[in-house]
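Reader: I would like to learn how to read a protein structure one feature at a time. Could you give me the general idea first and then the case in front of us?

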Amino acid sequence: MGPTPEATPKVEDVRFIPLTYNQAESQTSALRLILTLRPQWEHTEGKIEFIRFTDGITNTLLKIVNKIPGRSTEEIDNEAVLLRAYGKGTDLIIDRERETQNHELLMQHNLAPQLLARFHNGMLYRFIRGSVTSPADLRREDIWRAVARRLAEWHATVPCLPVSRESLSTEIDGSEQYGIPAPTLSRKDPALQSAIDNVAPGKPAPNVWTVMQKWIYALPTASEAQKTRQAQLQKELTRLVSEFSNRPGLGKNSLVFAHCDLLSGNVIIQPRGVQEANAPETVVSFIDYEYATPSPAAFDIANHFAEWGGFDCEHHLLPTKSQRRDFINVYVRSYFTHMGDDKANIDEQAESRQLFEEVDMFRGIPGFYWGIWALIQATISQIDFDYASYAEIRLGEYWAWRAELDGSRESAGEEMPLRERRWAQEA
């Protein structure tokens, strides 16, 4: 059970700038935003520059620097600001106020950079010095050990905060402006929100199960095929909740504060100068907290393992049994160190074995999660990425896992899919 926070972070404490980032006028709109935040930059000898990052497939990310003559790169980076503009229509998928609350909560635990301001379609926060990892980096032993330590610190120290609602009038924002039918006749439907919040009885909302329920309700249903698929995915979610939501696990209510999007682009290798003298060889930080929500630890870990294969879903690169076992051993050691429990009373080997088995059980669920997400993105996103194909690949991972779990693949005499073969591989 994690520590209790002294106070719930308040979204209204973060400055709001009533401006919008416009992709079509990227530099002009970004300049307006940074000069509102840093008006003194307009009156220095420095040159304001914008560096675009392209690691994500949802948002626009710009690094904004003020290159003042005579200053070192490190000094310039210390003043740099990151601008993150949300992809069109992503409010349908992501609770942006919750994201801001997540960011402030992580700041309290020194696990996130300072959030400087929000604007209509994004946020501004301090730049983190370091290098973004690639999927190949995630497979490096020094990196995955650092990820295991940091992820355990998240799970052990950051409390899960339930949503605070004065009423149940919060809507699913799938609306006409995105060219998608609203999931119900009303865009503000207390009954719908109640159904979402209570999809996993006994679990405080939000959580990974409520997120998937929200997304299923937001799926397009214009055609009969879309309606059939939504009904099929709803049936599967009900089945998953029944089978998995009450499994015992780490954290209060068997939930931890999970990142839920730990792909390579969200893992930053810290430069050596930032690390303490006695720190391990490699230290990482995590960025982008828009999908962070209470979740079983096994889901967050299994989800990260899937990212070893990158956006191309190269299943032959996923961690083997021995790699997963080593990762989980590092994670468990770090988790109980950060919990501060009397380690004499903790059987780390037993905890590692149990978590290894749980991660194994959860391995197909990230495919279900991201498959639903991609079906929505295929309809709303303006980013050049084949979301429709990605959805089929990820949902295919889920169905392959189901076929292994219930024995239907073996009984039909079919060949085991590559992902499942790799997962079963010892070394």
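Author: Let us start with one helix in this predicted model, namely α7, whose buried residues are V208, W209, T210, V211, M212, Q213, K214, W215 and I216. Nine of the ten residues of α7 are buried, so this helix is largely enclosed by the rest of the structure.

Reader: Which elements do the buried residues of α7 pack against?

Author: They pack against the helices α6 (190–197), α8, α9 (297–306), α11 (348–362) and α12, and also against the strand β11 (293–295). Just ahead of α7, in the loop between α6 and α7, is the place of P206, and a cis peptide bond with omega of about 0° joins A205 to P206.

Reader: How does one describe the packing of two helices?

Author: Two packed helices are described by the angle between their axes and the distance between the axes. In the case of helix α7 (residues 208–217) and α12, the axes come within 9 Å and cross at roughly 35°, and the crossing is left-handed.

Reader: Which residues of α7 and α12 meet?

Author: From α7 the residues are V208, W209, V211, M212, W215 and I216, and they meet I365, F368, Y369, I372, W373 and I376 in α12. By class, the contact of α7 with α12 has twelve nonpolar residues, with no polar and no charged ones. As background, an α-helix has 3.6 residues a turn, so residues three or four places apart point the same way.

Reader: What would a second pair of helices look like when it is read by the same steps?

Author: Take helix α8 (residues 224–244) and helix α13 (residues 387–405), which pack at an angle of about 50° with their axes 13 Å apart. That angle makes α8 oblique to α13, and the crossing of α8 and α13 is left-handed. On the α8 side the contact is formed by R229, Q232, L233, E236, R239, L240, E243 and F244, which meet E392, L395, Y398, W399, W401 and R402 in α13. The residues of this contact of α8 with α13 divide into seven nonpolar, one polar and six charged.

Reader: What is a nonpolar core, and which residues touch the most other members of the largest one here?

Author: In soluble globular proteins, nonpolar side chains tend to be buried together. The largest nonpolar core in this model has 85 residues, and W209, Y331, F368 and Y369 touch the most other members. Helix α12 (residues 365–380) gives the largest share of this core, ten residues. There is also a second, separate core of 18 residues, which includes L37, W41, I64 and L83.

Reader: With which residues is W209 in contact, leaving aside its neighbours within four places in sequence?

Author: W209 is then in contact with V199, A200, L237, L240, V241, F244, S245, P296, F362 and I365. For the protein as a whole, among contacts between residues at least 6 apart in sequence, 70% join residues at least 24 apart.

Reader: How should I read a positive phi angle, and is C260 buried or exposed?

Author: One looks at the residue type and at the surroundings together. C260 has a positive phi of about 70° although it is not a glycine, and C260 is found in the loop between β8 (256–258) and β9 (267–269). With a relative accessible area of 0%, C260 is buried. N110, in the loop between α3 (96–108) and β5 (115–119), also has a positive phi, near 55°, and is a residue other than glycine, but N110 counts as exposed at 71% relative accessibility.

Reader: What does Q323 touch, not counting residues up to four places away in sequence?

Author: Q323, which lies in helix α10 (residues 321–339), touches W308, L318 and R422. Q323 is partly exposed, with a relative accessible area of 24%. Distance along the chain and distance in space should be read separately, for Q323 and R139 are 184 residues apart in sequence and 9.2 Å apart in space, C-alpha to C-alpha.

Reader: How many helices and strands are there in the protein?

Author: There are 15 helices and eleven strands, and buried residues make up 53% of the 427 residues in the protein.

Methods: Residues numbered from 1 in each chain as written. Predicted model: local features only at pLDDT ≥ 70, side-chain atom pairs only at ≥ 80, totals over all residues. Heavy atoms only, no water. Axes fitted to C-alpha atoms, helices over the stretch in contact; angles between N-to-C directions. Helix = DSSP H or I, 4+ residues; strand = E, 2+ residues; numbered from the N terminus. Parallel < 35°, antiparallel > 145°, perpendicular 65-115°, else oblique. Left-handed = near helix turned anticlockwise from the far one by under 90°. Contact = heavy atoms within 4.5 Å. Nonpolar A, V, L, I, M, F, W, Y, C, P; charged D, E, K, R; others polar. Core = buried A, V, L, I, M, F, W, Y, C linked by side-chain atoms within 4.5 Å. Buried < 20%, exposed > 50% of the residue type's maximum accessible area, 1.4 Å probe, protein only.
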